[in-house]
Each structure stands twice: as C-alpha cells, then as structure tokens.
Amino acid sequence: MDKFYTDEKHTQILIALMKFHGVKKVVASPGTTNITLIGSLQSDPYFEIYSSVDERSAAYIACGLARESGEPVALSCTGATASRNYASGLTEAFYSNLPILAITSTQHVGRVRQLMPQVIDRTNQMNDMVKKSIQVDVVHDQEDEWAMQVLINDALLELRRHGGGPVHINLVTTYSKDFSIRELPKVKGIRRYFLNDDMPSLIGKKILINVGTHACWSQQLTDAVDLFCEKYNATVICEHISNYRGKYGIYPSLFVNQDGRSSPLLEPDIMIHIGGVLGFGGGIKIKMREVWRVHPDGEVRDTFKELTNVFEMKEIDFFEHYCELNQNSIMDTSYYSEFYQECINLENKIPELPFSNPWIAKNTVGRLPSNCELHLGILNSLRSWSLFNINHEKNINIFSNTGGFGIDGLVSTLLGSALATPQKLFIGVIGDLAFFYDMNALGNRHISNNIRLMIINNGRGTEFRNYNHPAACFGKDADEYMAAYGHFGKQSRDLIRHYSEDLGFDYLCAETKEEYLDKINIFLENDIKKHPIIFEIFTDSKDESDALNILFHIEVSTKTVAKSAVKELLGDKGVTMLKKIIKK
C-alpha cells in the first residue's frame with residue numbers, strides 16, 4: 001500500500017510550514033517516535049533527506065550543510081537520550097549563527113517523570129544551544145490548529161532572524177500508522193520584514209490601521225500616518241487609549257458592536273496592527289483578509305488570527321517608507337469619510353440611557369477640561385467610555401492598565417502619574433471592586449492635589465450581571481460568588497466618604513442624573529490648588545446592563561431578529577441541535 005502523509009494533523013501542519021519557510025534539507029536519525037514525521041517527509045519529493053545513525057554526527061552534518069548551502073537544515077530524532085546528542089552540534093550552530101531546526105519527537109508529555117521507558121524531559125534547553133524552543137502538541141480542534149500554526153511560524157522565522165541560529169521543536173506523536181493523507185492542509189504562513197527588505201505592495205488594497213494601547217504620539221509619527229492615509233485611502237480605527245490625534249481617526253466601538261449588523265466598511269483587505277493590547281471593540285466583527293503587525297520588537301502576535309506579515313521596525317519608519325513607495329498617488333480619503341459619517345449617524349440615534357456608567361460617560365466626555373489625563377478602569381469603565389468620542393483638540397491623553405488587564409492597580413497608577421506631572425489634572429474612573437482592591441493608595445503620604453477619582457459604585461462586579469456575559473444565565477445567583485456582591489458595606493453611603501474625608505479628600509456623591517449633573521463641573525474644575533476629590537456615584541447593575549443592551553441594539557438586522565426568534569422558540573439546546581443538522 002502506498003504511503004503518503006501521516007494523519008497526525010499537527011505533524012502535517014509542521015511539514016506544510018517547513019515547506020512555506022523553505023526548510024527542505026533534513027538529516028534523519030533512526031527511531032520509532034519520529035516515524036510519523038520521517039515517514040511523511042520521505043514520501044514528499046520536496047524534501048532532501050540524509051541519514052545519520054549517530055545524532056551527534058547528524059547535528060554536525062547539518063552544520064556543514066547549512067554553512068555550505070546557506071539554507072536551513074532540519075534534524076529529526078526519536079525519544080530517549082537521542083536528543084541529548086544534539087547538544088554539541090547545536091552549540092556550534094548557536095555561536096556560528098547557523099539555521100538548524102532540531103525536531104525531537106516525543107511521547108505524550110504527561111508520561112514525563114512517570115518512570116516510563118524512553119521518555120525524558122525536554123522542557124528547558126541550555127542558554128547557548130537554541131534561540132527558541134517550542135512544543136508542538138496534538139491538535140484537537142480549530143483553536144489548537146490556529147495556535148500550533150502561530151507557534152510553528154514563530155519558531156521557523158527565528159531560524160533566519162538577527163543573523164540566524166538553531167531552533168528546537170519538541171514534536172509529540174501518537175504513533176499513528178495511518179499514512180493515507182495525500183495532501184497537506186492549507187496553512188497560514190507568516191513572514192517577517194526588516195526596513196531594508198523588499199516590502200509587499202499595498203497598492204489597490206482596502207486598508208484599516210488598528211491602534212491598540214499606545215504611548216503619546218510624536219508629531220512626526222502622526223504626520224506620517226496621516227500622509228499614509230491620504231496616499232492609500234486608509235482609515236485609522238482606535239480607542240481612547242490609542243491616543244491617536246491625527247486627521248483620520250475613527251472610534252468604532254459603538255458601530256462594530258451593533259448586534260448582528262455587518263458592513264463592508266469592516267471588511268478590509270489588510271489591517272495594519274500597531275500598538276499594544278486592545279482595550280475594547282478594536283477587533284470585534286472586523287473581517288480582514290490579512291493582518292500586518294508593525295512593532296520594533298518584531299514578535300509574532302496574532303491577535304486577530306489573520307496575521308501574515310510582521311514588520312520589525314519603528315512605526316515611523318514603516319509609514320514613511322510606504323509613503324515613499326507611493327509618492328505620485330492622488331489624495332483620496334473617501335474610505336475615512338464614509339466610515340466617519342456612518343459612525344456619526346449612529347451616534348445621533350442614541351436614545352436616553354438609564355443612570356449608569358455609559359450614561360455618565362456620554363454626559364461627561366464633552367465636559368473634560370483641556371490638557372488633562374484620563375485613566376479608565378478595565379472592562380466596565382473602559383468599555384463605557386470607549387463608546388463616546390472625546391474632542392481631540394482638547395489634547396487629553398488617555399490610559400488604562402491593559403497590559404496585564406487586571407483590576408488591581410488603577411488608583412496607584414493614577415497616583416504615580418499625577419506625581420510625575422503635578423501641574424496637570426489627572427482624572428480616574430473606576431468601579432467599586434477595583435477601588436476597594438487598591439484603596440490603600442489613597443493613604444500614601446505623597447498623594448497630590450491634582451487627582452480627581454470617580455468611583456462607580458454598583459455594589460458588585462457588575463460585569464457578571466451584564467445581559468451578554470456568560471454568567472447572565474445565572475441571573476441573581478451570579479451575585480453570591482461570581483459578581484462578589486455584598487462586600488465593602490453593600491453600597492454604604494458612609495464608608496468611602498469617611499475614608500476619603502479622613503485622608504484629606506473632598507468628597508462628592510450622586511445617586512441620580514440630576515445630582516450628577518449638579519456636581520460634575522465641581523469635580524472637573526481645573527484648579528489643582530484645592531484638595532484631591534473623590535466623586536462616588538451609586539448605580540444599579542440592571543441599569544448598567546440595560547444601558548449596554550440599548551447601545552448595542554440601536555441598529556439590529558433582520559437576520560438577528562430571526563435568530564433571536566428561533567433561539568427563543570427552540571432554546572440553547574435546540575439551536576445547537578439545529579446547527580448540527582444543518583452541517584450534515
């Protein structure tokens with residue numbers, strides 16, 4: 001019977017990506033654990049395979065092949081101590097910058113240290129033996145398949161990066177005897193570019209620039225991105241924490257979160273991803289064909305699961321380079337104009353909201369004083385305030401702790417920032433659980449008078465009571481342990497007031513829209529000679545959830561209405577069963 005590729009999906013993916021990245025030379029050593037790999041490679045005429053019984057010799061053969069040919073060379077060995085014999089050859093490759101790919105096959109890693117024969121621990125490698133070491137596990141579902149493709153791409157790219165060097169892949173096997181697969185799966189290859197490389201073309205492409213968390217922009221970078229947008233008819237989509245203040249910024253959180261609504265505006269050919277972690281809404285429902293990541297670290301970060309190119313360079317260099325490549329283009333900003341108008345039209349349809357964090361955001365963004373700095377707590381506050389535009393001309397910088405994306409340090413971060421620039425007003429918006437988590441920061445003797453802290457006190461982690469949260473199916477039962485209801489005085493009207501006043505803060509509070517509007521101007525008064533101020537606002541979780549529900553359903557497609565009707569009729573189990581029938 002003819003033999004083709006193994007039916008091990010993860011091994012197929014590795015082979016396909018070896019072909020994509022030009023790894024065709026292989027030095028194979030005999031063994032059982034690597035049969036699924038070698039049995040597949042030897043049936044594919046693309047690969048040039050050499051045999052070596054001694055793994056130590058095999059590693060040095062690979063060094064010679066790589067040095068002479070200038071190409072990457074793969075090694076393949078079985079389990080047990082076979083891989084240990086690669087150490088000296090890989091050390092040579094490390095210091096000689098030779099692109100050697102050491103693929104060590106292994107049994108299920110759960111067998112490590114269980115006194116099973118021919119199973120050793122390859123978790124850690126010597127510092128000067130390989131540049132990168134990864135483990136490729138068995139693929140069970142689409143998420144595994146995506147993760148393995150990204151992981152393997154990352155490893156294979158490292159073979160040539162920064163002068164080149166050896167890389168290790170620990171490949172799990174199931175010892176499958178099925179070699180009947182005639183074609184390798186389609187895989188997503190990722191390429192890396194440096195500034196002096198021949199860059200791929202953007203001519204004729206529909207382009208979105210998606211900006212995550214970003215430090216304050218230089219004028220030079222802003223100008224370069226604006227010019228790029230004019231030359232390529234591109235649009236910048238961002239959040240407040242993106243801090244982009246150029247001509248072509250769109251804040252699409254409200255637009256993209258309309259339930260069931262789709263738009264060709266959200267279907268770019270290429271999305272250029274810059275900055276750090278996205279806070280809320282930056283990638284939801286955007287159906288891009290490719291993602292290009294631009295960052296000086298050059299790391300593979302497949303946030304949107306469509307990454308094709310990584311540009312290891314400064315953002316300014318990337319945008320200026322592409323502007324140079326398209327010098328004679330005619331200015332075109334029609335994509336931005338259409339996108340902007342759609343967002344404005346939607347904002348004009350926002351109905352009255354219940355008293356909640358979104359209502360507060362909507363009625364506060366226009367009142368923020370110029371040149372202040374706004375710090376937003378993660379999830380509820382960041383989401384709520386991202387739904388409404390802030391006037392760029394006021395020069396307001398906005399930040400959130402989205403790096404680790406935890407609730408535990410916003411007050412302290414606000415304090416540290418305010419200490420660094422005492423002449424600027426710093427405004428924080430935070431939920432009650434996050435405040436109590438970090439309330440000790442208010443007792444710091446370095447606290448400065450340029451702090452304004454707004455606490456949205458709904459008596460719980462209101463995130464877990466939102467209509468669209470996974471905990472919503474528990475209803476009020478989510479309060480006890482998921483939403484942590486009932487701690488910290490159960491929305492006590494005295495607890496935060498006494499604490500803050502005893503520490504020298506001025507204290508304000510509101511329980512209604514009228515009370516809020518009566519006091520917000522005092523809170524935002526740009527006079528840092530006074531005491532720091534805490535503004536505690538009491539809201540209800542149902543109102544918080546209802547506000548989001550209203551905002552996300554300003555425009556609903558007929559398709560969504562039909563889906564909701566079917567779900568209401570059949571229930572979750574019925575919908576799941578119907579999907580299975582349709583697939584058949």
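Student: Hi! Where is serine 83 found?

Tutor: Hi there! This is a predicted model, and in it serine 83 is found in the loop between strand E3 (73–77) and H4.

Student: Is serine 83 buried or exposed?

Tutor: Serine 83 has a relative accessible area of 11%. The cut-off for buried is under 20%, so serine 83 counts as buried.

Student: And which residues is serine 83 in contact with, leaving aside its neighbours within four places in sequence?

Tutor: Those are Cys77, Thr104, Ile120 and Arg122.

Student: You mentioned H4. At what angle do helix H3 and helix H4 pack?

Tutor: The angle is about 25°, and the axes of the two helices are 7 Å apart. H3 covers residues 55–69, while H4 covers residues 87–96.

Student: Would you call H3 and H4 roughly parallel or roughly antiparallel?

Tutor: Roughly parallel. Angles under 35 degrees go by that name, and the angle here is about 25°, so H3 and H4 fit it.

Student: Which residues make the contact?

Tutor: From H3 there are Arg56, Ala59, Tyr60, Cys63 and Arg67. H4 brings Ser88, Gly89, Glu92, Ala93 and Ser96. By type, the contact of H3 with H4 divides into four nonpolar, three polar and three charged residues.

Student: Let's zoom out. How many helices and strands does the chain have?

Tutor: The chain has 18 helices and 19 strands. Its C-alpha atoms fill a box of roughly 85 × 60 × 55 Å along the principal axes.

Student: What percentage of the residues count as buried?

Tutor: Of the 584 residues of the chain, 53% are buried. You may also like this figure for contacts between residues at least 6 apart in sequence: 76% of them join residues at least 24 apart.

Student: Nice. On to rings: how many aromatic pairs does the structure hold?

Tutor: There are 22 aromatic pairs in the structure. One of them is formed by tyrosine 46 and phenylalanine 47, with 5.1 Å centre to centre and 85° between the planes, which makes the pair edge-to-face.

Student: How about accessibility, is tyrosine 46 buried or partly exposed?

Tutor: Tyrosine 46 is partly exposed, at a relative accessible area of 29%. Its partner phenylalanine 47 is buried, at 8%.

Student: Which residues do ring pairs link into a cluster?

Tutor: The cluster consists of Tyr193, Phe228, Tyr232, Trp292, Phe311, Phe318, Phe319 and Tyr322.

Student: What about charges over rings, where does the charged end of lysine 305 sit?

Tutor: Over the ring of tryptophan 146, at 4.6 Å from the ring centre. Arginine 493 has its charged end over the ring of phenylalanine 538, and there the distance to the centre is 3.9 Å.

Student: Next to that lysine in sequence is glutamate 306. Where does glutamate 306 lie?

Tutor: Glutamate 306 is in the loop between strand E12 (290–295) and strand E13 (307–312). It is partly exposed, with 29% relative accessibility. Beyond its neighbours within four places in sequence, glutamate 306 touches Lys188, Met288, Arg289, Glu290 and Val291.

Student: How far apart in space are glutamate 306 and alanine 82?

Tutor: They are 37 Å apart, C-alpha to C-alpha, with a sequence separation of 224 residues.

Student: And glutamate 145, how far in space is it from histidine 10?

Tutor: That C-alpha to C-alpha distance is 7.3 Å, although the two residues are 135 apart in sequence. Glutamate 145 belongs to helix H5 (residues 142–157) and counts as buried at 18% relative accessibility. Leaving aside its neighbours within four places in sequence, glutamate 145 is in contact with Lys9, Ile13 and Val139.

Student: One last topic, backbone angles. What is phi of phenylalanine 405?

Tutor: Phi of phenylalanine 405 is near 55°, a positive value in a residue other than glycine. You'll find phenylalanine 405 in the loop between strand E15 (397–399) and helix H12 (410–420), partly exposed at 27% relative accessibility.

Student: What about phi of phenylalanine 488?

Tutor: For phenylalanine 488, phi is near 55°, again a positive value in a residue other than glycine. Phenylalanine 488 is in the loop between helix H14 (478–481) and helix H15 (495–502), and at 40% relative accessibility it is partly exposed.

How values were computed: Residues are numbered from 1 along each chain as its sequence is written. This is a predicted model: local features need pLDDT of at least 70, side-chain atom pairs count only at pLDDT 80 or more; totals for chains, interfaces and linings use all residues. Side-chain values use heavy atoms; hydrogens and water are left out. Axes are lines fitted to C-alpha atoms, for helices over the stretch in contact, and angles run from 0 to 180 degrees between N-to-C directions. Helices (H or I, at least four residues) and strands (E, at least two) are DSSP runs, numbered from the N terminus. Angles under 35 degrees count as roughly parallel, over 145 as roughly antiparallel, 65 to 115 as roughly perpendicular and the rest as oblique. Contact means heavy atoms within 4.5 Å. Ala, Val, Leu, Ile, Met, Phe, Trp, Tyr, Cys and Pro count as nonpolar, Asp, Glu, Lys and Arg as charged, and the others, Gly among them, as polar. Rings of Phe, Tyr and Trp (its six-membered ring) pair if their centres lie within 6.5 Å; planes under 30 degrees apart count as stacked, over 60 as edge-to-face and the rest as tilted. Buried means under 20% relative accessible area, exposed over 50%, partly exposed in between (1.4 Å probe, protein chains only). A charge sits over a ring if NZ of Lys or CZ of Arg is within 6 Å of the ring centre and within 35 degrees of the ring normal.
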